[in-house]
Amino acid sequence: MYFEPEIETMPEGELAALKFFRLINTLNRCSRSPGYQKIFKANSVDINKIKTLEDFRSLPFTTKNDLRENYPWGFLAISKGEVVRLHSSSGTTGQATVILYSKQDLDSWANLVARCMYMAGARPSDIFQNMSGYGMFTGGLGFQYGAEWLGMVTVPAGAGNSKRQLRFIQDFGTTVVHILPSYALHLGAIFKEEGVDPASLPIKIAFIGAEPHSDYTRKRIENLLRVKAYNSYGLSEMNGPGVAFECQEQNGLHIWEDAYLVEIINPKTLEPVPDGEIGELVITSLNRQAMPLIRFRTRDLTRILPGKCPCGRTHIRLDRFKGRSDDMFIVKGVNVFPLQIETVLMNSPEVGTNYSIILETINDVDVMTVNVEVREEIFTGDIKGLNKLSDTITAALKSELLFTPKVKLVEPGSLPQSEGKAVRVIDKRKLY
Ligand code: ADP
Ligand code: ZN
């Protein structure tokens, strides 16, 4: 049932001691990186004075900007000769950052990904198809090495080319996949188009992540592909995938505390939030060699779920992510997260698998238009039905957002489908 029983079910006290031991080692390693030497000097930090977790909380945060300023080698804590891999983040919110790995980093990363996949039920007898882009994106090689570490037959299919994905599933008997949620919805639509009954396919587990998604989206993916879909979270600065995954309870993501020290802060005051409240996830890596990071501000919003998980793992659980703090946009003075819109749309059975959000200034006023693909049978129905659906969606969005957006229903397959992370919001206001 567990990939590494002693670690996964380690009693709290022992886990706390292990974390602290690894934290001190990490601080020592950081003092060898030029980036941290600068930061420590500027903030008069003496790591020898860090004796408790409280002391640790006095250390400065590390941000994506720090990484950008010290691009590409500045945070290297070992010699360049010991580095064996370089990845970069996807660059969703600006210039991509670089992350470096030693041989040992690659092994411990593969082990963490394997631990996550095993937790959801993947076993060495499974056939694993990785439908994520390879290359610099950590979702490709990260899952590849993790699946091999677990012992599965691993098919590096890469992203896109849905008909080929389907053929691979049928030819190789794929039982486990890794897929972006936006692409999973699209692939489900292709199955339908091709007249394939998903129940006839061998897939049983899908790891979905890399993008915020609502529980409605998960359920849709489970229905469309006839699988159990498990939320998978990671970020390149902390290896990539394998940071926090759902267990079979599908109720929160266990974040591996032997590898990551977790804090949740209020992004404005930078103080810890009260237990169980939503805030920004801050992570300190505990066993990375090449590029350890202290108090890294992920900008991802979540909370720690209270209570123990029935699966027996002692590592804390994070709630489904609400998005990134910098995903938020303001329309007519109202703060909006794209996930709020996704949640409304995916809860509406007539809505298809893709949507986009356009922000414009028209006559000096903010206008938000939500383009929504509807299902084939709805689109070919009568105009009255379409008008009624558009009114229903507008009302549901208004009740969620507190202002009235424009809703435009469009034909299935007419909105652009990205091969990587979906780009949902197009803010044309920035052009004026
Ligand atoms: P970038 O930050 O440029 O997108 P990464 O490829 O490293 O680069 O992606 C990591 C980010 O992806 C996370 O910080 C988070 O915002 C998002 N992400 C990853 N997995 C999930 C998930 N399961 N739910 C929500 N967001 C996720
Ligand atoms: Zn659990």
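A strand here is a DSSP run of E with at least two residues, numbered from the N terminus, and a cavity is a set of grid points where a 1.4 Å probe fits but cannot get out. With those two ideas in hand, let's look around this structure, which is a predicted model.

**The largest cavity**

The structure holds 2 cavities of 30 Å³ or more. About 530 Å³ of space lies in the largest cavity. Its lining is made of 37 residues, and Ala210, Gly234, Leu235, Arg324 and Lys421 are the closest to its centre. Which strand gives the largest share of that lining? That's S7, with 5 residues. Other elements that chip in two or more residues include H5, helix H7 (138–150) and strand S8 (240–246). Strand S12 (296–302) and strand S15 (323–324) are also among them. If you sort the lining by class, you get 9 nonpolar, 20 polar and 8 charged residues.

**Who lives there?**

The largest cavity is the space taken by ligand 1. Around ligand 1 there are 20 residues, and the closest are Ser90, Thr92, Ser236, Asp300 and Arg324. Strand S7 (residues 228–235) turns up again, because it gives the most to this shell, with 5 residues. The shell splits into 6 nonpolar, 9 polar and 5 charged residues.

Some atoms of the protein pair up with N or O atoms of ligand 1. Here are three of these contacts:

| Residue | Protein atom | Atom of ligand 1 | Distance |
|---|---|---|---|
| Lys64 | polar side-chain atom | oxygen | 3.3 Å |
| Ala210 | backbone N or O atom | nitrogen | 3.0 Å |
| Asn231 | polar side-chain atom | nitrogen | 2.8 Å |

On its own, ligand 1 has 560 Å² of accessible area, and the protein covers 97% of that.

**The second largest cavity**

Now for the other cavity. About 50 Å³ of space lies in the second largest cavity. Its lining consists of Leu67, Asn70, Tyr71, Pro72, Gly74, Phe75, Thr97, Val98 and Met291. By class, that makes 6 nonpolar and 3 polar residues, with no charged ones.

Two of those lining residues, Tyr71 and Pro72, are worth a second look. A cis peptide bond joins them, with omega at about -10°. Pro72 sits in the loop between helix H5 (64–69) and strand S1 (83–88).

**An unusual backbone angle**

Most residues other than glycine have a negative phi, and most peptide bonds are trans. So where can you find a residue other than glycine with a positive phi? Try Asn363, where phi is near 50°. Asn363 belongs to the loop between strand S18 (351–362) and strand S19 (365–374).

**The largest pocket**

Finally, there is an open space to explore. The largest pocket holds about 800 Å³ of space. It is lined by 32 residues, and Lys19, Glu257, Asp275, Ile304 and Ile316 lie nearest its centre. Which elements each supply at least two residues of this lining? They are helix H2 (12–30), helix H4 (53–56), strand S10 (260–265) and strand S13 (304–305). By class, the lining of the largest pocket has 15 nonpolar, 6 polar and 11 charged residues.

Notes:
Residues numbered from 1 in each chain as written. Chains lettered and ligands numbered in written order. Predicted model: local features only at pLDDT ≥ 70, side-chain atom pairs only at ≥ 80, totals over all residues. Heavy atoms only, no water. 1 Å grid on protein atoms, 1.4 Å probe; cavity = no way out; pocket = protein on both sides within 12 Å on 5 of 7 lines; lining within 4 Å. Points joined across faces, edges and corners; volume = space filled by probe spheres on them. Helix = DSSP H or I, 4+ residues; strand = E, 2+ residues; numbered from the N terminus. Nonpolar A, V, L, I, M, F, W, Y, C, P; charged D, E, K, R; others polar. Near = heavy atom within 4 Å. Polar contact = N/O pair within 3.5 Å; in protein donor to acceptor, adjacent residues only side chain to side chain. Areas by Shrake-Rupley, 256 points an atom, 1.4 Å probe, with all protein chains shown as cover. Sits in = over half its atoms within 2 Å of the grid points.
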